[in-house]
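Trainee: Please give me a close reading of one part of this structure, and then follow the contacts outward from there to other parts of the chain.

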Amino acid sequence: MRIREWQDILEDVTERDADPDDWRAVAGDRAGGVGEDMYLAHPRAGVFFLKTYAKNPFEVRGVGTQVARKLDDEIGSFMPREDSGGRFAVQSPPEDESHAETVSKRLETVLETHSDAPTRPQDLFDDVMEALESPAFGPMEYDQYDRPGELDDLADRFEEADELLDAELEDLIETDEVDRGFM
């Protein structure tokens with residue numbers, strides 16, 4: 001298992017040749033200490049595990065790893081279904097000004113279309129993410145005040161990765177001299 005910076009893991013996610021709307025996520029508070037845990041999963045791209053914390057209001061630090069090469073039925077049972085209420089997306093910035101203009105025109109068209117037709121919030125979200133060319137998006141189970149039960153189940157399933165990432169994150173927190181979070 002290769003532990004790397006959390007942004008490197010997200011870069012891996014964005015570079016995967018996988019259907020962007022098949023991603024799923026579960027996230028919430030870390031079991032002990034400052035920060036959050038997050039699992040990102042895709043049937044063909046695998047399962048990624050991130051541990052992050054806010055060093056200050058402008059900088060997030062963290063570590064992560066790939067914990068499975070594929071999303072099997074057992075792990076998939078801990079991930080949210082398509083009709084789940086929460087959503088997440090991983091974004092990449094536009095390549096240049098021309099690309100930004102193209103994306104903004106597509107986004108404007110999507111918003112105009114949805115304003116004229118009754119659609120579900122999930123449909124609007126999906127269409128916006130496709131217009132923005134998001135490399136990964138989908139349903140998310142998230143609790144900003146606690147830990148969803150699925151997060152504990154995944155931590156039990158990937159206990160060794162959880163312990164190793166916790167140790168690495170604690171080293172970052174100690175190095176940064178951050179011993180408590182802020183609100």
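**Helix α3 and beyond**

Mentor: Helix α3 (residues 97-116) has 20 residues, which at 1.5 Å a residue should span 28 Å, and the 29 Å between its end C-alpha atoms agrees with this; the expected span is 1.5 Å times one less than the number of residues. This is a predicted model, in which local features need pLDDT of at least 70 and side-chain atom pairs count only at pLDDT 80 or more, while totals for chains, interfaces and linings use all residues. Residues are numbered from 1 along each chain as its sequence is written, and side-chain values use heavy atoms, with hydrogens and water left out. Helices (H or I, at least four residues) and strands (E, at least two) are DSSP runs numbered from the N terminus.

The buried residues of α3 are H99, V103, V110 and H114, where buried means under 20% relative accessible area, exposed over 50% and partly exposed in between (1.4 Å probe, protein chains only). Seen down the axis of α3, these buried residues fall within an arc of 35 degrees, so they line one face of the helix; the arc is that of the directions from the helix axis to the C-beta atoms. On the face turned away from this buried side, α3 carries the exposed residues E97, K105, S115 and D116. The partner against which the buried residues of α3 pack is α4 (121-131), contact being heavy atoms within 4.5 Å. At the N-terminal end of α3, D96 acts as a cap, with a side-chain oxygen 3.2 Å from the backbone nitrogen of S98. That is a polar contact, a pair of N or O atoms within 3.5 Å; within protein, one must be able to donate a hydrogen and the other to accept it, and residues adjacent in sequence count only if both atoms are side-chain atoms.

Helix α5 (residues 149-157) can be read in a similar way, with L151, L154 and A155 buried. These three cover an arc of only 105 degrees around the axis, which puts them on the same side of α5. The buried residues of α5 pack against β2 (24-29), β3 (36-42), α2 (73-76) and α6 (159-175).

Salt bridges also connect several of these elements, and a search of the whole structure finds 15 of them, each a side-chain nitrogen of Lys or Arg within 4 Å of a carboxyl oxygen of Asp or Glu. R30 and E170 meet through their side chains in one such bridge, at 2.8 Å from N to O. This pair links distant parts of the chain, R30 in the loop between β2 and β3 and E170 in helix α6, 140 residues apart. R30 is buried, with a relative accessible area of 5%, whereas E170, at 33%, counts as partly exposed. R147 forms a salt bridge with D37, with the closest N and O atoms 3.0 Å apart. Since R147 lies in the loop between β7 (136-143) and α5 and D37 in strand β3, the pair ties together parts that are 110 residues apart in sequence. Both R147 and D37 are buried. A further bridge joins D176 and R61, the closest N and O atoms being 3.0 Å apart; D176 is in the segment after α6 and R61 in strand β5, 115 residues apart. D176 is buried at 16% relative accessible area, and R61 is partly exposed at 24%. Salt bridges that share partners join R30, D37, K51, R147, D152, D162, D166 and E170 into one network.
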